[in-house]
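Me: Please take one part of this structure for a close look, and then set it against the rest of the chain in a single connected account. I would like the reasoning spelled out wherever a classification rests on a cut-off.

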Amino acid sequence: MAIEEWKELENGDHGDLQNPLMPTQEEQQQNGSLQMLYLSTFVAVCGSFQFGSCVGYSAPAQAAIREDLNLSLSEYSMFGSILTIGAMFGAVTSGRIADYIGRKGAMRMSAYFCIIGWIAIYLSKESLSLDIGRVLTGYGIGVFSYVVPIFIAEIAPKNLRGRLTTLNQLLIVTGSSVAFLLGTIVTWRTLALSGLIPCTTLLVGLFFVPESPRWLAKVGQEKEFLSALQRLRGTNADISTEAAQIQIGVGLMVFQQFGGINGIGFFASETFASAGPSAGKIGTIAYACIQVPITVGGVILMDKSGRRPLIMVSAAGTSLGCFLAGASFFLKSHGLLLEFVPVLVVVGVLIFIAFFSIGMGAVPWVIMSEIFPINVKGIAGSIVVLVNWLGAWVVSFTFNFFMSWSSSGTFFIYSLISLMTILFVVKLVPETKGKTLEEIQASIDSQRDI
């Protein structure tokens, strides 16, 4: 794409942005651009499906792996949570990698790490090789978690960007749900091999889709491109603008993770079972089934209701779900209404995951992909994704210990954090619905100048 076209785009002529991947032939523009847009999105979200497969693997495989390899609870907790350690390293390097070798190159590299990791898990005969495989898959999805939403946001027109970027979260929960369900009918080794499917699909698909036009413009004509962005942001813009944007992204990721999602998700089966035998399998299957349709609803609402209302409603619902789960464990610890405890735990956790899926799961990633200017996107994105995975590790590693301390207290803490999310969004998070990436930057800069 000629640099003059990009300058027109940055200065407010958004005709080409509506169809950023358009062919040059006028009569083929509409159909050709949408087909390539959807194909490119499909290939990218194979990485999201891989993300979900990795996250969802540990819960259904827990009992079988511990029995086959004779692992203690602490050893399995390490296996479950060490995924996030690898993801943190992936997050630290994701921005630089995506900027250096491109969005497609970063996705390709991530797929290779995941493939090696799954094979290591499949061949494991003791905890060390399990952990090595888990770290490798973690590194891969750490990079995926940054590059997939960024790639989609950079290729999508503004009227489709919210929905298409939300497909990242939809495929994450789909991958997690498939792993949950598949894990109830196949062995843990077979479940590990199933993780190779999305990686292979992505690697093949990358041969047929183009690179992000914005990244190509950046590396091809960097000075002119950054100069255009600088004019958009104003000659007096300083680092405080970018710092504020990073703080918004970091804050959203902190609240997303410390609301308890990875602790509850990684060890959902044991949480249900601890409430009563009747809650175990039913709760796990219901947990897996509810995520996908609810996330589909979030995809539909993303560009209709806006980001801010969706995330506030979502946070209110996750707070309610955690409160109900906490109340059920409180009743159990005091020997009250014991016949209702299993039902209340299942209902509370399902309310939590339903409301998380409709907003808190997807919206922070969408906003992250939208608010950072391209010249700091790599570094800023890496910081935000690192914070996300650091929070994921803290929550997943400490979850079992907190539950041993106080099951009710654990969920009450998560409930309070979700309520704090609403205050954070009201105070600091901008609405990005219906705006081009360039218009979002102009809006943020103008607010900072007031």
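Reply: The part I take up is the loop between α14 (307–333) and α15 (341–360), in which L337 lies. The model is a predicted one, and what follows should be read with that in mind. The backbone of L337 has a positive phi of about 45°, although the residue is not a glycine. That deserves a remark, because most residues other than glycine have a negative phi. As for its surroundings, L337 has a relative accessibility of 48%, and it therefore counts as partly exposed, since a residue must be over 50% to be called exposed.

A second residue with a backbone of this kind is N70, found in the loop between α2 and α3. N70 is not a glycine either, yet its phi is positive, at about 55°. With a relative accessible area of 68%, N70 is over the 50% cut-off and so is classed as exposed.

These loops belong to a protein with 19 helices and zero strands. Of its 450 residues, 58% count as buried, while the protein exposes about 17500 Å², of which carbon and sulfur atoms supply 67%. If one takes the contacts between residues at least 6 apart in sequence, 85% of them join residues at least 24 apart.

From the loop that holds N70 one can turn to α3 itself, which covers residues 73–122. This helix has 50 residues, and a straight helix would reach 74 Å at 1.5 Å a residue, but the end C-alpha atoms of α3 are only 20 Å apart. Along its course, α3 has a kink of about 120°, centred on I101.

Helix α3 also holds both R103 and D99, which are four residues apart, about one turn of the helix. R103 forms a salt bridge with D99, and the closest N and O atoms of this pair are 3.0 Å apart. The side chain of R103 meets that of E154 in a salt bridge as well, with 2.7 Å from N to O. This pair links distant parts of the chain, given that E154 is in helix α4 (residues 127–155), R103 is in helix α3, and their positions lie 51 residues apart in sequence. D99, R103 and E154 are thus joined into one network by salt bridges that share partners, and the count for the protein comes to two salt bridges.

The burial of this network can be followed residue by residue. R103, at 0% relative accessibility, counts as buried, and E154 is buried along with R103. D99 has a relative accessibility of 19%, which is under the 20% cut-off, so D99 too is classed as buried.

Other buried residues sit in other helices. N168 lies in helix α5 (residues 158–182), and it counts as buried because its relative accessibility is 2%. When neighbours within four places in sequence are left aside, N168 is in contact with V45, S48, V148, P149 and W365. Q257 has its place in helix α10 (residues 239–258) and, at 4% relative accessibility, it likewise counts as buried. Not counting residues up to four places away in sequence, Q257 touches N262, N388, G391, A392 and V395. A nonpolar case is F272 in helix α12 (residues 268–275), which counts as buried because its relative accessibility is 0%. F272 and V349 are 77 residues apart in sequence, yet their C-alpha atoms are 8.7 Å apart in space.

The surface offers a counterpart to these buried sites. L39, F42, V204, F207 and F208 form a nonpolar patch there, with about 560 Å² of accessible area together. One of its members, F42, lies in helix α2 (residues 29–69), the helix that leads into the loop where N70 is found, between α2 and α3.

To return to the starting point, L337 in the loop between α14 and α15 is partly exposed at 48% relative accessibility, and its phi is positive, at about 45°.

Terms used. Residues are numbered from 1 along each chain as its sequence is written. This is a predicted model: local features need pLDDT of at least 70, side-chain atom pairs count only at pLDDT 80 or more; totals for chains, interfaces and linings use all residues. Side-chain values use heavy atoms; hydrogens and water are left out. Helices (H or I, at least four residues) and strands (E, at least two) are DSSP runs, numbered from the N terminus. Buried means under 20% relative accessible area, exposed over 50%, partly exposed in between (1.4 Å probe, protein chains only). Contact means heavy atoms within 4.5 Å. Accessible areas come from the Shrake-Rupley method with a 1.4 Å probe; for residues, only the protein chains shown count as cover. The expected span of a helix is 1.5 Å times one less than its number of residues. The bend at a residue is the angle between axes fitted to the seven residues ending there and the seven starting there. Patches are made of residues with over 30% relative accessible area and no salt bridge: like charges are joined within 9 Å, nonpolar side chains (Val, Leu, Ile, Met, Phe, Trp, Tyr) within 5 Å. A salt bridge is a side-chain nitrogen of Lys or Arg within 4 Å of a carboxyl oxygen of Asp or Glu.
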